[in-house]
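Q: I should like to learn how to read a helix and a sheet in a model. May we go through the features one at a time?

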Amino acid sequence: MRIDLITKEYPPHIYGGAGVHVSELVKVLRKTIEVQVRCFGDDRDEKDTSSYAHPNIFESANPALQTLATDLSMVSDIAGADLVHSHTWYANFAGQVASQLHGIPHLITAHSLEPLRPWKADQLGGGYRVSSWIEQSAYSSASGIIAVSHGMRSDILRAYPDIDPNKVSVVHNGIDLAAFQTVRDPDLVRSLGVDPDLRSVLFVGRITQQKGLPYLLKAARDLPADVQIVLCAGAPDTAEIQQQVIDLVEELRRTRQNVIWIERHLARNELVALLSSATVFACPSIYEPLGIVNLEAMACAVPVVATATGGIPEVVEDGVTGILVPIEQVQDGSGKPIDEAKFVEDFAAALSHALDQADLGSMGVAGRQRVESLFSWERIAADTLEVYRGAIDSFA
């Protein structure tokens, strides 16, 4: 069996959960089957991995058109594959065209949905309309779709009601259990500006609407004065949300001295050290198909306080591995809380409760046990292989 896996992100250029998913999945799948990776960007020095860029004639074109041009440059090379597997709208067009041209099944893994990220229109303009069209067309014609959570499956069927529910499977994201485990390195933590001997609330994520960082910064106003607020946050979607975060951080720093903001991308050993030293991990997302960051925190035995939305309740077990914060959301695709003040207040209360819990250690242990039993990449790869075989058999 040969699978051609299409992705924008691939090591060493990873900036989101989809890239992590692809990287880890490929490592395990290659132990069993042939996987040809076709990715965007610079050449990779890796066997069975090919990189592609848009032709020079598209250099000044809209980024969405550059994406489509890059996709088309891959299609001929996919000849001979038994199945093409695309990740995110950036790769869906290549998968869709290759399926038609070569007569092979096209499988999509859904990491996010364009209709549930309407704020992208402010960032991308007409490019967002193009990405939305590509996604809708690819999903409608695909042989099968993998959702990374049951919550994501429901979102797919709600966003695209014409899709046959029988072709949407659920295979969760996974976690590298060897790479993410508790590692005490107080000197490294101090070098990042964090005191490992004091309590801390840690946030890790991009500065986007969906990650909900502004809500956490507002909730932090009500946390005990000794608690460090550690933000590993960068790559803002827009100048506007970046300025909003800057303003909120500056406001918070006027009342407390222990707000640590790390804007650069952390090396894995730095991230693991910070996670291992954190008292509580905070995930205030308003849109999260699953949330790999929560898996990473739980693998390092850190209790998680997270929004009860999307696929997060499938990861965080309320009262066992952390605390889920309820949210009533606007149903316009934005996911914003109907009552922002209440959501912020509830998030602050959950953080305070978690910080004061005497059994935080047991929550951390339970989190580690949960990821070991349900979210190993070996299990995710086995489930994905099963979907591959079903798609190929059905297509034939």
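Q: Which residue follows α3, and what is the sign of its phi?

A: Helices (H or I, at least four residues) and strands (E, at least two) are DSSP runs, numbered from the N terminus. Here α3 is followed by Gly103, with a positive phi near 70°. This is a predicted model: local features need pLDDT of at least 70, side-chain atom pairs count only at pLDDT 80 or more, and totals for chains, interfaces and linings use all residues. Residues are numbered from 1 along each chain as its sequence is written, and side-chain values use heavy atoms, with hydrogens and water left out.

Q: How many residues has helix α3, and what does it reach from its first C-alpha to its last?

A: The expected span of a helix is 1.5 Å times one less than its number of residues. Helix α3 (residues 89-102) has 14 residues and reaches 20 Å, close to the expected 20 Å.

Q: Which residues of α3 are buried?

A: Buried means under 20% relative accessible area, exposed over 50%, partly exposed in between (1.4 Å probe, protein chains only). Among the buried residues of α3 are Trp89, Phe93 and Gln96. The buried residues of this helix pack against β1 (2-7), α2 (63-75), β4, β5 and α5 (126-141), where contact means heavy atoms within 4.5 Å.

Q: What is the order of the strands in the sheet?

A: Strands of a sheet pair through backbone hydrogen bonds, either parallel or antiparallel. Two strands pair if DSSP finds at least two bridges between them. The open sheet of 7 strands has the order β3-β2-β1-β4-β5-β6-β7, with parallel pairing. Because β3 (49-52) and β7 (168-170) stand at the edges with a single partner strand each, one side of each is left without a neighbour in the sheet.
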